[in-house]
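Q: Please take a close look at a single part of this model. Keep it brisk, and walk me through it step by step.

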Amino acid sequence: MMRDKEKKQIIDTLRSLPQVKDTSNKDDLYQRISLNLHQKKRQPKRQRKLAPVLGTLMAAAILLIIIPVYIGNAPFENSGDQSANQAAEDSAAEFSTNDTAEESSSQTMEAPGAESKASGVQENGESYVIQQSDENKTIMYGAVADRQQQYVIPLAFPVSAGEDLSAYYNQLDAYINAEDWGLSDYMFEDVSFSLDEEKERVTMNIPDDFTIGEGATASYLFEQTLTKMFTPHNIREVAFESENGNGVELGPIGVIPEMPLYENEKESFKLHTTEQGSRSFLVPVPNEEQTTIQEGLEALKLSEASFDVYRTIPEGVDFSAETEGSQLLLHYTGNNGVLDNQETVTMIESILMTAKSYGFETVHFLQFPLEQTGKYNLTEPLPVPEAVNPIRHEG
């Protein structure tokens, strides 16, 4: 322990040190501090000089301990970073994505839905659309609400041409893996349908215990599910039949014998993906009737992460829309380079489906940084797809 005499000597020595007074102007000091705070690059901190000899020796000792450890660890950290990057690159290649290049390349587009997921693309890298079905196939359409009951996601099932579509529709629940996909249950599991395309009418036979639930949301999802399933077949009316013939209570809709179907217009197709789902989908988000195609495309830059809906056009990618009859001309005005990868394909397909909902038949990308992405030749006008969210089905 330090003796009282030694303590007194130290105190007397400290008191004998000359006093230092700062005569700087306070405003000048404030300006200097503000300037330093707003500098883009931090200046290296200067080490303070310690007056006591003991303090200097301690600092030197600490440096002697730290420096070898830091130098020894540096190669390990770099190796770890390289291993992580390599693993991410391997995963990206497997899923046809380009997630790991976000920070290393300024030309890489941000993955859609970057707020919560690196990528929402399907694992097998397939297209989100059916461009045009061949003559040996026809399309059966399904629809399922998202898990949060906010949107209805259309589905497309290519089936053999010439088959009885009613028979396929009556076993549609066998083809929909809603739980595996991270979606709500198929609404019409116990319902049977009979299509009459000539009369543009479908008859829907409903069990007496069928219910759609309560509230306006249930009514909306019921109507939208039928719309997505049958308007592509030019069906304009649904007739309801029950087992006892007394009609069916349809919640807020009430007891009605039939209901008209109106084809949806003006939608922005964004990416729907969840952590639990085995695949992702393009989901149509309704727009107001007065919304322009330019505004519809701008909506593709906005995510609704709380509803698992993510943008398909990343930051820095912009288009100026011009119409020429049934053709939509999109002049690329962005400052972000794009790559031939799954994210770019997803963006193109979401734009094509959005344009289709606005009544366009073709889309021509002008001044686009790529001439080809995936199967799309961007130097020529692209026809809008026939259907969205294809589901494999043998038959």
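How do the residues of the lining of the largest pocket divide into nonpolar, polar and charged?

A: A caution comes before the count: this model is predicted. The lining of the largest pocket divides into 8 nonpolar, 5 polar and 6 charged residues. In total, 19 residues line the pocket. Nearest its centre lie Pro 232, Glu 263, Met 353, Lys 356 and Glu 386. The pocket's volume is about 500 Å³.

Next, the elements around it. Those giving two or more residues to the lining are strand 3 (152–160), helix 6, strand 8 (267–272), helix 8 (342–357) and strand 17 (387–388). Helix 8 gives the most, with 3 residues.

Now follow helix 6 away from the pocket. This helix covers residues 216–230. At 1.5 Å a residue, its 15 residues should span 21 Å, and the end C-alpha atoms are 21 Å apart, which agrees. Of the 15 residues, 12 are buried, so helix 6 is largely enclosed by the rest of the structure. Among the buried ones are Phe 222, Leu 226 and Phe 230. Charged residues appear there too: Glu 223 and Lys 228 are buried.

Helix 6 also leads to the largest nonpolar core, which has 51 residues. Phe 222, Leu 226 and Phe 230 are among those with the most contacts inside this core, and so is Phe 188. Leaving aside neighbours within four places in sequence, Phe 188 is in contact with residues including Phe 222, Thr 225, Leu 226 and Met 229. Apart from this core lies another, of 32 residues, among them Ile 348 and Ile 351.

Terms used:
Residues are numbered from 1 along each chain as its sequence is written. This is a predicted model: local features need pLDDT of at least 70, side-chain atom pairs count only at pLDDT 80 or more; totals for chains, interfaces and linings use all residues. Side-chain values use heavy atoms; hydrogens and water are left out. Helices (H or I, at least four residues) and strands (E, at least two) are DSSP runs, numbered from the N terminus. The expected span of a helix is 1.5 Å times one less than its number of residues. Buried means under 20% relative accessible area, exposed over 50%, partly exposed in between (1.4 Å probe, protein chains only). On a 1 Å grid over the protein atoms alone, a cavity is a set of points where a 1.4 Å probe fits but cannot get out, and a pocket is an open set with protein on both sides within 12 Å along at least five of seven lines; lining residues have an atom within 4 Å of a point. Grid points are joined across faces, edges and corners, and a volume is the space filled by probe spheres set on the points. A nonpolar core is a set of buried Ala, Val, Leu, Ile, Met, Phe, Trp, Tyr and Cys residues joined through side-chain atoms within 4.5 Å. Contact means heavy atoms within 4.5 Å.
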